[in-house]
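Okay, thanks for coming, everyone. Let's put the structure up and walk through it together.

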Amino acid sequence: MKKTTFLFAFSASVFILLLASFLTYRTLSDFESDSLMVVHTQAVKDELANLVRLPMAFSRDVRNATLYLDTLNNQQVVHLKSVMDSTINRLDSLLSDNPQQKVRFDTLKQLVDDHLKIAERLAINMSAGYVLSLPTRRLIVREEKAVTEIHDQAEEMRVEENKVLIERSIQVARSKKWAPIMLLILSGVSIIILTILFISTFKLYRLNENKASRLAKQLTELEAEIEIRSKLQKLLKSIFDSSQHGIIAFDSIRNSEEEIVDFRFRFVNNEAAKMIGRPINELTDKMMLDVVPGNKESGLFDAYKQVVDTGKPLRKTEYYNFDNIDMWFDISAVKNEDGFVVMFSDITDIKLSESALLEKQEELQATNYELEQFAYIASHDLQEPLRKIRAFGDRLQDTFNDKIGERGSDYIARMQSASERMQRLIEDLLKFSRVSRSESEFAKVDLNTVVSEALTILNMEIELKKAEVNVEKLPTVDGDQNLLVQLFQNLISNALKYSKETVNPIIQIDVSADKREDNGEEKKYWKINVKDNGIGFDPKYKDQIFVIFQRLHGRSEYTGTGIGLAICGKIVKHHNGIIEAYGEPDSGATFTIFLPRT
């Protein structure tokens, strides 16, 4: 081929390649543009849905407030207006390219503005206590009508957006259809160009006067490379043969449609041959499905195909009970050219140990359950004779007080005091057992309601201590409401009990979002602090105080059974949470609860 002919062919090839590239770029650009427009239209629909949902939710709150003769919080209207304004602004931006929808949107904005004005008047009336007054009822009717008009106008816009979405989806489908065609054309043209250039280059190369010297030099370099590779191969073989893990390299076997139908053993180390149960010379160059057909039935064959086709490494634990092999394997596989390398080790002994450990764990759980049942039944059955002891003690003191004398009265008083402590201990044991035995299904629980109920229960003690309890707005969690009330009741009661005699108790309950590492996995929690200004405790006892029957003070100083905080620990654990305590002597204490958040 002459030089001018070669240059002409090269120039024509480059031109065709550039033309195909340009057409493909245009097709992909159109596809991307159409896809973005579909996303844009969907965003408009989503914002319209939000715009309808918020007034409907407010209308439902109004009906609930009217039904329960409750007041309507003006903050709800402020929040509604803030969120609606944000949604309106986003829609205004999204619809800037659609004049027809812009006209409809102006009408929708006016309807939303009218609804907000009615909502503000409703909040004023209902917060003033005019829940059932005639003006309020008229405003409620107008508010519901305004919500209906907003819904209808938004629905009209959504219908129009659906039409646009269909049109744009058709455009995306059309662009999607042409993109692979253009890529196929580009690939074909590229192959043709490369073939032409290769043939032309090869012909020119043959005419080169220095062909012999270059070939000799390349041969020398090739021999040196072969020698280096031979040494590396021996080194690798030595490493592989000494490895305690089985290592096998496979090549892919493909059919005429380029689909993998089998794998060929390319390299096998001693440990792998030992596990398979055949010598290395009977494995090399053999087909996988001929030697170990169980790979197909076990699903490993398909997993190895995925490794080769996607390039994504495989790591799994597999029980293999095929081909006279009965083992647990830890398997790792990575792609290697058009094949893969797999490394596996026998972990059967580890798995058997795990199985035995699980059996022991189940036995331990059964034993714990039986102990909890025993504690519950024993505590329950002890109450009746204890009530009789206290009743007969009261009768002795009332009936024979003048006969038993001062010393006898003292004995009876001590007996009654001990009986009362025993009664409290039994009741706390029952509470502790109920937490362990609780099988209630979790539901959404508003912690504001939980704390309010706990404060109601402790109302008399709070007033007696002249305590101040400050509570931030708390979240909603998944849990058992009764157990959560018990949790906060115990923590607040604990803060009141261990308050300073000369200082009014101040209890602060706050919350924040938090994250914690758990076995290498990051989990989300609500971090709730219950802080007091009481007598505090030595930090070295921060774990001991959650152990049942553990007390840091004598009975003469503070009453109690040493079970209250143990119950708190049980309840938090039952809710898959964490409880921690922090304190310093004479500087108060803080109990921190971590409850899962979604």
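Let me start with one residue, F263. Is F263 buried or exposed? F263 counts as buried, because its relative accessibility is 0%, and the cut-off for buried is under 20%. Before I go on, please keep in mind that this is a predicted model.

So what does F263 pair up with? F263 and F340 form an aromatic pair of the edge-to-face kind, with 4.9 Å from centre to centre and 85° between the planes. F340 is buried as well, with a relative accessible area of 0%. What I like here is where the two partners sit: F263 is in strand β2, residues 260-268, while F340 is in strand β5, and they are 77 residues apart, so this pair links distant parts of the chain. There are 10 aromatic pairs in the whole structure. Ring pairs also build a cluster, whose members are F250, F263, F265, F301, Y304 and F340.

Let me zoom out for a second. The protein has 598 residues, and 34% of them count as buried. It holds 15 helices and 12 strands. If you take contacts between residues at least 6 apart in sequence, 67% of those join residues at least 24 apart.

Now, back to the ring cluster, because two of its members, F301 and Y304, also turn up in a helix I'd like to show you. That's helix α9, residues 300-310, and its buried residues are L300, F301, A303, Y304, K305, V307 and V308. Why might buried positions recur with that kind of spacing? An α-helix has 3.6 residues a turn, so residues three or four places apart point the same way. Right after α9 you get G311, with a positive phi of about 80°.

And what about D309, also in helix α9? D309 is partly exposed, at a relative accessible area of 48%. Setting aside neighbours within four places in sequence, D309 is in contact with R254 and I260. There's also E259, which is 50 residues from D309 along the chain, with 9.5 Å between their C-alpha atoms.

Next, the empty space. How many cavities of 30 Å³ or more does the structure hold? There are 2. The largest has about 240 Å³ of space. Its lining is made of 17 residues, and those nearest the centre are I276, N295, L300, Y304 and F344. The elements that each give two or more residues to that lining are β1 (246-254), α6 (270-276), α9, β3 (314-322), β4 (325-335) and β5. Which of them gives the most? It's β4, with 3 residues. By type, the lining splits into 15 nonpolar residues, 1 polar and 1 charged. You'll have spotted Y304 again: Y304 is among the residues nearest the cavity centre, and Y304 is also in the ring cluster.

While we're around β5, have a look at S345, which lies in that strand, residues 339-346. S345 counts as buried, at 13% relative accessibility. Leaving out residues up to four places away in sequence, S345 touches H245, M275, W328, F329 and D330. A little further along is T348, in helix α10, residues 348-399. T348 counts as buried too, at 17% relative accessibility. With the same sequence neighbours left out, T348 touches M327 and W328. So W328 is a contact of S345 and also of T348.

Let's move on to a couple of backbone oddities. K466 has a phi near 55°, a positive value in a residue other than glycine. K466 is in the loop between α13 (459-465) and β7 (468-471), and it's exposed, at 61% relative accessibility. N576 also has a positive phi, near 60°, and again the residue isn't glycine. You'll find N576 in the loop between α15 (564-574) and β11 (578-583), and N576 is exposed, with a relative accessible area of 58%.

Last stop: charges over rings. The charged end of R516 sits over the ring of F594, 4.3 Å from the ring's centre. The charged end of R597 sits over the ring of W526, and there the distance to the centre is 5.6 Å.

That's my tour, happy to take questions.

Definitions and conventions
Residues numbered from 1 in each chain as written. Predicted model: local features only at pLDDT ≥ 70, side-chain atom pairs only at ≥ 80, totals over all residues. Heavy atoms only, no water. Helix = DSSP H or I, 4+ residues; strand = E, 2+ residues; numbered from the N terminus. Buried < 20%, exposed > 50% of the residue type's maximum accessible area, 1.4 Å probe, protein only. Contact = heavy atoms within 4.5 Å. 1 Å grid on protein atoms, 1.4 Å probe; cavity = no way out; pocket = protein on both sides within 12 Å on 5 of 7 lines; lining within 4 Å. Points joined across faces, edges and corners; volume = space filled by probe spheres on them. Nonpolar A, V, L, I, M, F, W, Y, C, P; charged D, E, K, R; others polar. Phe/Tyr/Trp six-rings, centres within 6.5 Å; stacked < 30°, edge-to-face > 60°. Lys NZ or Arg CZ within 6 Å of the ring centre and 35° of its normal.
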